[in-house]
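Visitor: Could you take me through one part of this model up close? I'd like to look at the nonpolar core and what builds it.

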Amino acid sequence: MNNKSFKEDIFNNFAKLNRGFDLPNRLIQEGSYPVVASTSIKAWHKEFKVKAPGVVTGRSGSLGTVQYIQFDYWPLNTSLYVKDFKGNYPKYVYYFLQTMHLENFNSGAGVPTLNQNHLHKLSIKVPPIEIQKKIAAVLSAYDDLIDNNKHYISLLENMAEGIYREWFVRFRFPGYQQAKFEKGFPSSWKEKKFGEFCTLKRGYDLPNSKIEDGKYPVIASTSIKAYHNAFKAEPPVITTGRSGSLGTVLFTNKQSWPLNTTLYVKDLKGNSPYYVYYTLKNMGLENFNSGAGVPTLNRNHINCIKIRIPDRDIQKEFQAKLTPIFRSTEFLKASSVNLNETKNLLLGRLISGKLSVEDLDIQFPPSML
């Protein structure tokens, strides 16, 4: 361990945080500058308030997420942005703030609120700018690989979606030239109610207090929420939001625990899982809200919808066509999870100085020189 170059200081001498700026939705005009909320870019506006690079974190509502912004931007009033880096390297400040677990500095009685005054006198250790750049370069290398994976995943997902649309929306499936059509549909396709196509089932209760660390995805209405030591559904697990958030359809090729805020496909009834997945994705399920207060998806409404179901031979060809695409996507997603876990292990050790980078010969990209 070599952290002699790290100097004791207080946070107020490291970075100056400022509250973001008001910008009501009605005043947002489409442009090229990101409007940054507490956890993500919300929109793009024609004006900006702060020059890049920027580091932003949540001030109100959602705390703990730290964002690095590469363009001139408009931080919203639900955020805090770094107004003054005090001579420190911006990308290092971004990673440093991630280690502070800002969600623990909640001072709001109702809505979570980050009080920056709690940070001012906090004792910290800061390395010289040369070391800051090296640490940022190491961590950025992982983030760049993860971003590359996201890019390729997006390309593969668009490719698969394109094949579905070409075959089953435009009807240009293999052999379509020889197919007979009746009323605009291939005659071999059968009209059935959705409930005859597959069976949707409500997910299972699992309070946060009962989640125990494991390898099985816990699937909420829009994303994987956690990983648990038990599962309820065998792969492939196809889910969509049942309560709270509607419209998102997920495909998870692992034993999983779909939560009670979801509906999952209990029985494919002999249909291709990929075809079932894309059928659900293209049904506009967000429009089937039956809840008076909380948006709710009613299975009975969906089950009565009449759809055209392709014959099994075409579905088998579709399955064979998409299988290597989905396998590549799954590999890239698993790679990203491993990269992110490794980066997070390094993050605390590098920022604390427990893992030294002083003797590393790092070739910086031009943007860091």
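Guide: Here is a walk through the core, with a short stop at a second one. Bear in mind that this is a predicted model, where local features need pLDDT of at least 70, side-chain atom pairs count only at pLDDT 80 or more, and totals for chains, interfaces and linings use all residues. Residues are numbered from 1 along each chain as its sequence is written, and side-chain values use heavy atoms, with hydrogens and water left out.

The largest nonpolar core has 38 residues; a core here is a set of buried Ala, Val, Leu, Ile, Met, Phe, Trp, Tyr and Cys residues joined through side-chain atoms within 4.5 Å, with buried meaning under 20% relative accessible area (1.4 Å probe, protein chains only). Phe194, Leu280 and Phe318 have the most contacts inside it. Elements giving two or more residues include α2 (129–168), α3 (194–197), α4 (273–281) and α6 (312–352), along with strands β17 (249–252), β19 (262–267) and β20 (306–309). These are DSSP runs numbered from the N terminus: helices are H or I with at least four residues, strands E with at least two. The top contributor is α2, with seven residues.

Now zoom in on Phe318. Leaving out residues up to four places away in sequence, Phe318 touches Ile163, Tyr164, Trp167 and Phe168, plus Ser272, Tyr274, Tyr275 and Tyr278; contact means heavy atoms within 4.5 Å.

There's also a second, separate core of 34 residues, with Leu63, Leu80, Tyr94 and Leu102 among them.

Definitions and conventions: Buried means under 20% relative accessible area, exposed over 50%, partly exposed in between (1.4 Å probe, protein chains only).
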